[in-house]
Amino acid sequence: MCGIVGYTGPREAYPIILKGLKRLEYRGYDSSGVALLNADLKVYKKKGKVAELEESVVGKDVHAFTGIGHTRWATHGEPSDRNAHPHRSKSGNLAMIHNGIIENYASIKQDLQKKGYEFKSDTDTEVLLNFIEDIKENNNCTTEQALRIALKRVVGAYCVLLIDKDDPETIIAARKGSPLVIGIGKGEHFLASDASPIIEYTKEVVYVNDYEIAIVKPDELILKNLGNEKQTPFIQKLDMELAAIEKGGYDHFMLKEIFDQPGSIFDCLRGRLNADAGTITMSGVENHLPSLINAQRIVMVACGTSWHAGLLAEYLFEDICRIPVEVEYASEFRYRNPVINKGDVIIAISQSGETADTLVALENAKEKGAFIFGVVNAVGSSIARMSNAGAYTHAGPEIGVASTKAFTGQLAVLAMMAFKIGYAKGTIDEKRYQHLLTELWNIPDKVAQILEDTSNIQAIAEKYKDAADFLYLGRGYNFPVALEGALKLKEISYIHAEGYPAAEMKHGPIALVDENLPVVFVATKDKYYEKIVSNVQEIKARKGKVIAVATEGDTVIPGMADDVMYVPDADEALAPLLSVIPLQLLSYYIGIAKGLDVDKPRNLAKSVTVE
Ligand code: F6R
């Protein structure tokens with residue numbers, strides 16, 4: 001949510017910042033801006049995507065060796081030029097960008113207004129910036145000291161980059177709750193919300209922690225805590241290649257990431273699953289096996305697509321490990337004073353590892369003594385770092401705003417965990433365990449098979465692209481897939497879609513069915529197959545249009561459905577890893593058929609770092 005970039009060193013700052021902002025656009029794209037510091041402090045900003053900023057800056061003076069840039073997802077104030085970041089202080093000497101929310105900004109603003117401050121924007125950021133300037137003037141202190149004093153008074157989340165006209169080579173940064181990575185080059189430093197703007201320049205990075213302030217100059221990086229004590233920067237090597245964050249010949253990141261899945265699921269299994277030897281090696285699980293086997297309850301905590309992975313994991317863990325599972329929306333869990341007992345295990349699921357609601361929910365649970373296991377994609381992210389143990393999904397950077405390969409990575413990790421725990425606990429026998437391992441190992445090849453020819457799905461997308469509503473139905477393991485299919489369609493095509501357990505439709509949604517309503521059935525061969533066949537008939541009897549995801553070789557469902565998308569056969573516990581693929585493609589192709597920007601759907605941002 002909001003992307004921030006900074007540079008200080010011997011190169012021209014503007015092109016580095018602009019390129020970085022384009023890489024971070026997935027975090028927000030309603031306006032963007034840069035502040036460039038040379039003898040003078042120049043600020044350029046524009047409503048709209050980064051390309052619009054770039055266009056508006058053509059011909060203007062962008063010469064500078066230090067600068068900061070921002071791409072925004074609006075919280076306070078509508079998307080507009082004046083609400084775009086960077087903001088300038090009253091004197092014009094300071095400029096700041098901010099990712100997060102200052103919750104007590106209104107009272108600070110009132111105090112400043114009483115002192116005669118006037119505000120040009122509706123943002124909390126401009127308030128914080130002028131608060132810093134006011135402290136600086138009243139206390140006759142440095143910008144860094146003023147920032148420290150201000151941050152002790154603000155409530156909320158932030159990652160800020162601040163520059164001062166009087167100190168033209170320095171960027172001061174601070175974070176609490178919103179991510180910040182600093183890349184260390186030779187005589188230069190790069191700052192960003194994630195590593196993607198940095199990797200082409202350096203692989204040495206420092207992840208700044210909450211409540212830390214960084215004073216960044218070309219040759220020097222000083223880290224301090226809010227108490228002004230120096231901290232030792234922990235330098236890590238980035239394990240990421242530039243190609244991983246580029247489109248690689250695809251029209252969109254979303255399509256690339258859908259097609260990445262045979263490889264990304266394989267990367268997740270590689271080195272962990274050995275179907276021939278019948279072993280699963282996951283150090284995060286092995287090191288804590290007694291806590292996991294003896295868990296009285298597992299609570300899955302997540303948001304959005306990751307929550308759907310959690311729901312699927314409920315089916316898996318209850319079926320295979322016989323451990324009671326609850327699935328919680330992080331945003332509800334964090335506020336409703338949940339009962340957390342000794343012996344509870346919390347499994348946190350997150351692609352970005354930065355989702356504010358998930359992070360705070362986990363911090364609360366950890367304080368109450370819960371054991372946190374993180375299933376996270378972004379290496380080194382806040383959730384990964386605060387978990388007691390975990391397993392990365394290894395899906396690689398996911399840049400398309402709609403989650404695709406991270407979801408299948410989450411399912412693969414959760415399946416391995418369930419199989420390993422269930423086998424160790426004795427709730428599945430050797431035969432079933434071996435069968436599940438072999439089935440999981442074969443999933444990447446089966447995903448590749450689905451992706452071999454997508455022309456049928458493109459044709460279905462074209463046929464239904466003008467529908468006003470969609471219903472997605474599934475049973476058992478396929479119910480969370482129906483929810484995920486509906487979410488993907490909403491996000492990418494702006495078509496209203498609802499996911500329901502197929503049997504539940506009789507309790508209300510069936511009233512929606514008429515000849516205009518496409519109903520997508522996730523109807524692969526499993527123990528509910530006969531029942532779902534009856535549900536398809538119920539829809540057909542009411543003239544609904546049925547689009548089915550069916551198992552190859554099935555003749556019954558195709559005989560009833562208007563359109564069919566086939567997937568290979570798989571054990572029902574793993575079938576979602578296949579049945580979700582056509583649904584991802586369907587939403588992608590409908591979005592394309594409607595001429596929409598599928599990588600940057602309106603109003604969304606990939607990493608939701610505000611609550
Ligand atoms: C949907 C989507 C979101 C995220 C949600 C959680 O396509 O991407 O619903 O799943 O915002 O994000 P993470 O997994 O980063 O915690």
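The protein chain splits into domain 1 (3-243), domain 2 (247-451) and domain 3 (453-601), with bounds from an automatic or database domain assignment. This is a predicted model, where local features need pLDDT of at least 70, side-chain atom pairs count only at pLDDT 80 or more, and totals for chains, interfaces and linings use all residues. Residues are numbered from 1 along each chain as its sequence is written, and side-chain values use heavy atoms, leaving out hydrogens and water.

**Exercise 1.** Work out the strand order of the open seven-stranded sheet and find its edges.

*Solution.* Start with the strands: these are DSSP runs of E, at least two residues, numbered from the N terminus. Two of them pair if DSSP finds at least two bridges between them. Following the pairs gives E5-E6-E7-E8-E12-E13-E14, with antiparallel pairing. E5 (87-88) and E14 (230-231) each pair on one side only, and those are your edges. Now zoom in on E8 (residues 171-176) and E12 (residues 212-217): they share five bridges, and Ala174 sits opposite Ile213 in E12.

**Exercise 2.** Describe the interface between domain 1 and domain 2.

*Solution.* First, the centres, taken over C-alpha atoms, are 34 Å apart. Next, count contacts (heavy atoms within 4.5 Å): nine residues of domain 1 touch nine of domain 2. Then take the buried area, meaning the accessible area (1.4 Å probe) that two parts lose on being put together, summed over both. That comes to about 780 Å², with carbon and sulfur atoms giving 50%. Finally, check for salt bridges (a side-chain nitrogen of Lys or Arg within 4 Å of a carboxyl oxygen of Asp or Glu): there are zero between domain 1 and domain 2.

Technical notes:
Helix = DSSP H or I, 4+ residues; strand = E, 2+ residues; numbered from the N terminus.
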